[in-house]
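Got the model open in your viewer? Let's walk through it one selection at a time.

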Amino acid sequence: MKQKLTSLEYKWICYDIGNSAFILLVSTILPIYFNSLSSAAGLAENDYLSYWSYATSISTIIVALLGPILGTIADYKGKKKRIFATSAFLGALSLACFWIPSYWLSFLVLYIVAKICYSLSLVFYDSMLVDVTKEENMDAISTQGYAWGYIGSCIPFIISLVFVLMNEAIGISMHAAMMITFILNALWWVLFTLPLFRSYRQKHYIEPEKHVIHDTFARLKKTLTSIKKQKKIFLFLLSFFFYIDGVYTIIDLATAYGTSLGLDTTGLLLALLFTQIVAFPASLTFAKLSKQYDTAKLIRICIFAYFLITVFAVQLDALWEFWVLAGAVGCFQGGIQALSRSYFAKIIPENVSGEYFGLFDICGKGASFLGLLVVGIVTQFTGQQNLGVAALIFMFLIGYFLFSKASKIEE
């Protein structure tokens, strides 16, 4: 990119590199590891996918409840960095301990804690965008964050694959290989969190009040009551609820879906690594396009692309098809997430960005419990994973229609 970034913009992007290692692990190696724990306990393949979906749903529901409250508190002067650091470092610590549980249920509990901390950290991280860059640069900085996050997360992932897939050749047990993997990715997360933690200063904020808890809920109630009158923001959040629900469900269940269909584990992991590699130049391309084309138009293109991707995924039953799916997802995954983040940052009040991004997270990662529950329930009761995936098609259709309406409203 020809655009020169400031030091703070670089450090903000660094956190995307750090936390992306966790989410790549969650969407690739972690479901396979959980499958080994659940299989040892005698759980059937369909139940394994359902329990994994339920655990992710629980974490997102909790984030949906806590996100707006903590996001509102974070808008007070001096609070945002502290709450951000607490959630990020606690999430990394939980990740480092993943190797300890030997029973599938206790592992799921620890996974839920880590996923909650990860998602909460993003509420505060996303809301920092208004403090680290100018409005005209938000699209480019946001997409670069995702781009470097995708390629940067490949480094600990590839090292992890070496230990996991070649543990016998190296001369270590699988348990030792997983321990190294979890600790390595946790350290990576912490390492790329430190630059932002040390340098970030909250520019837009609300002065502290005497009764913080009471005033926090009062502010949140006022915002929830009045947001329906802010038609552009309200319709965007509603559309975001549906289309990003489908996106995150695909991310969360990609490996679990392929594994439950009986596809080769090594092939699945390499295909998902391919997604990250494709996503890097694709996200940077969207950063350039955002300088030339309307952000809303680019988001609509991404939503339609995901609609086609989901239609293709319904009939998926071969590894080569999973590779095609992985490449297609890589082309649009960074664009739809990054542009949605920057688009929202530009239409909200800057001094209450934490509060609004708390609501953004409800409609984003917090709302993805709906897609996960649908996939989990339909799969468990019909025994056919494809039918559960088919339900996601309607998420993208509704999201596209609502976003089209929102983008036409003048601010």
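Start by selecting Leu-165, which sits in helix H7. Keep in mind as you go that this is a predicted model. Is Leu-165 buried, exposed or something in between? Leu-165 has a relative accessibility of 38%, so it counts as partly exposed, the class between 20% and 50%.

Now widen the selection around it. Add Ile-158, Val-162, Met-166 and Ile-170: together with Leu-165 they make a nonpolar patch on the surface. The accessible area of the five adds up to about 400 Å². Colour by helix and you'll find that H7 is the top contributor to this patch, giving three residues.

Leu-165 has a second role on this tour, since it also lines the largest pocket. Show that pocket next; its volume is about 210 Å³. Which helices give two or more residues to its lining? They are H2 (29-40), H7 (138-165), H9 (174-191) and H13 (265-292). The biggest share comes from H2, with five residues. Select Ile-29, Ile-32, Tyr-33, Ser-36 and Leu-37, then carry on with Val-164, Leu-165, Met-174, His-175, Met-178, Thr-265 and Leu-269 to complete the lining. Colour these by class and you get nine nonpolar residues, three polar ones and no charged ones.

Time for some charges. How many salt bridges does the model have? The count is four, and we'll stop at some of them.

Select Arg-341 and Asp-16 and draw the distance between their side chains: they form a salt bridge, at 3.4 Å from N to O. Trace the chain between the two and you have 325 residues to cover, from Asp-16 in helix H1 (residues 7-27) to Arg-341 in helix H15 (residues 319-347). Both Asp-16 and Arg-341 are buried.

Keep Arg-341 selected and add Asp-126. Here is another salt bridge, with 3.0 Å between the closest N and O atoms. This pair also joins distant parts of the chain, as Arg-341 in H15 and Asp-126 in helix H5 (residues 104-127) are 215 residues apart. Asp-126 is buried, like Arg-341. Show the trio together: Asp-16, Asp-126 and Arg-341 are linked in a salt-bridge network.

Stay on H15 and move to Lys-346. Its salt-bridge partner is Asp-139, and the closest N and O atoms are 2.8 Å apart. That takes you back to H7, the helix that holds Asp-139, 207 residues away from Lys-346 in H15. Why is Asp-139 classed as buried? Its relative accessible area is 6%, and buried means under 20%.

Two loops finish the tour. Go to Glu-207, in the loop that runs between helix H10 (194-199) and helix H11 (212-226). With a relative accessibility of 47%, Glu-207 counts as partly exposed. Add Asp-75 and draw a C-alpha to C-alpha line: the two are separated by 8.6 Å, though they lie 132 residues apart along the chain.

For the last stop, pick Gly-383, in the loop between helix H17 (369-382) and helix H18 (385-390). Gly-383 is partly exposed too, at 34% relative accessibility. Which residue should you pair with it? Take Asp-47: the C-alpha atoms are 9.5 Å apart in space, while 336 residues separate Gly-383 and Asp-47 in sequence.

How values were computed: Residues are numbered from 1 along each chain as its sequence is written. This is a predicted model: local features need pLDDT of at least 70, side-chain atom pairs count only at pLDDT 80 or more; totals for chains, interfaces and linings use all residues. Side-chain values use heavy atoms; hydrogens and water are left out. On a 1 Å grid over the protein atoms alone, a cavity is a set of points where a 1.4 Å probe fits but cannot get out, and a pocket is an open set with protein on both sides within 12 Å along at least five of seven lines; lining residues have an atom within 4 Å of a point. Grid points are joined across faces, edges and corners, and a volume is the space filled by probe spheres set on the points. Helices (H or I, at least four residues) and strands (E, at least two) are DSSP runs, numbered from the N terminus. Ala, Val, Leu, Ile, Met, Phe, Trp, Tyr, Cys and Pro count as nonpolar, Asp, Glu, Lys and Arg as charged, and the others, Gly among them, as polar. Patches are made of residues with over 30% relative accessible area and no salt bridge: like charges are joined within 9 Å, nonpolar side chains (Val, Leu, Ile, Met, Phe, Trp, Tyr) within 5 Å. Accessible areas come from the Shrake-Rupley method with a 1.4 Å probe; for residues, only the protein chains shown count as cover. Buried means under 20% relative accessible area, exposed over 50%, partly exposed in between (1.4 Å probe, protein chains only).
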